[in-house]
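Have a look at the sequence and the 3D structure below. Then we'll walk through a few spots together.

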Amino acid sequence: MPPKYEGSQTVTENLKRLMYEQHLSQEALSKLSGVERSAISVILNGGNFRMSTLGKLAKGLGVDSWTILMKPPEPEAATTEPSEDIAKALRLLMALAKGAK
């Protein structure tokens, strides 16, 4: 089951993020998607949109519509402790460094 739709603010945030990640201007996205630049501007400013428009934008961005519609998952908190494999590798490197002196 897909995640819950969070509203036009999420669509606006996701569209801005995707455009930023792909280094796309409104004009460039318009050319890729076939959606008028003015319609993209409306969406980016929190205005109304049609699902068919989002489908075209998603296709132009190379993502599925859910990527634009849904809040992205929260990133997992980074651990401050190195994994056991990293700790072993560090110990080995330190031992090798001492042996090279």
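Start with Asn 14: its side chain reaches the backbone oxygen of Ile 68 at 2.9 Å. Keep in mind that this is a predicted model. You'll find Asn 14 in helix H1, which covers residues 8–21. Is Asn 14 buried or exposed? Its relative accessible area is just 2%, and because anything under 20% counts as buried, Asn 14 is buried. Leaving aside residues up to four places away in sequence, Asn 14 touches Thr 67, Ile 68, Leu 69, Met 70, Lys 71 and Pro 72. So Ile 68 turns up twice here: as the partner of the side chain of Asn 14 and in the list of residues that Asn 14 touches.

Stay in helix H1 for a moment, this time for a pair of charged residues. Side chains of opposite charge can pair when their charged atoms come close. How many salt bridges does the protein have? The count comes to 1, and the partners are Glu 21 and Arg 17, whose closest N and O atoms are 3.6 Å apart. The two sit 4 residues apart in helix H1, so about one helical turn separates them. Glu 21 is partly exposed, at 46% relative accessibility, and Arg 17 is partly exposed too, at 29%.

Now jump to helix H6, where Leu 90 has its place. Leu 90 has a relative accessible area of 44%, so it counts as partly exposed. Together with Ile 86, Leu 92, Leu 93 and Leu 96, Leu 90 makes a nonpolar surface patch of about 500 Å².

Here are the four residues with their accessibility side by side:

| Residue | Relative accessible area | Class |
|---|---|---|
| Asn 14 | 2% | buried |
| Arg 17 | 29% | partly exposed |
| Leu 90 | 44% | partly exposed |
| Glu 21 | 46% | partly exposed |

Time to zoom out. The protein has 6 helices and 0 strands, giving the pattern α-α-α-α-α-α along the sequence. Of its 101 residues, 28% count as buried. The protein exposes about 7600 Å², with carbon and sulfur atoms supplying 57% of that. Among contacts with a separation of 6 or more, 56% come from residues 24 or more positions apart.

And how confident is the predictor? The average pLDDT is 85, and 85% of the residues score at least 70. Helix H2 (residues 26–33) has the highest mean of the elements, 97, while helix H6 (residues 84–100) has the lowest, 77.

Methods: Residues numbered from 1 in each chain as written. Predicted model: local features only at pLDDT ≥ 70, side-chain atom pairs only at ≥ 80, totals over all residues. Heavy atoms only, no water. Buried < 20%, exposed > 50% of the residue type's maximum accessible area, 1.4 Å probe, protein only. Polar contact = N/O pair within 3.5 Å; in protein donor to acceptor, adjacent residues only side chain to side chain. Contact = heavy atoms within 4.5 Å. pLDDT = per-residue confidence, 0-100. Patch = residues over 30% accessible without salt bridge, like charges linked within 9 Å, V, L, I, M, F, W, Y side chains within 5 Å. Areas by Shrake-Rupley, 256 points an atom, 1.4 Å probe, with all protein chains shown as cover. Salt bridge = Lys/Arg side-chain N within 4 Å of Asp/Glu carboxyl O.
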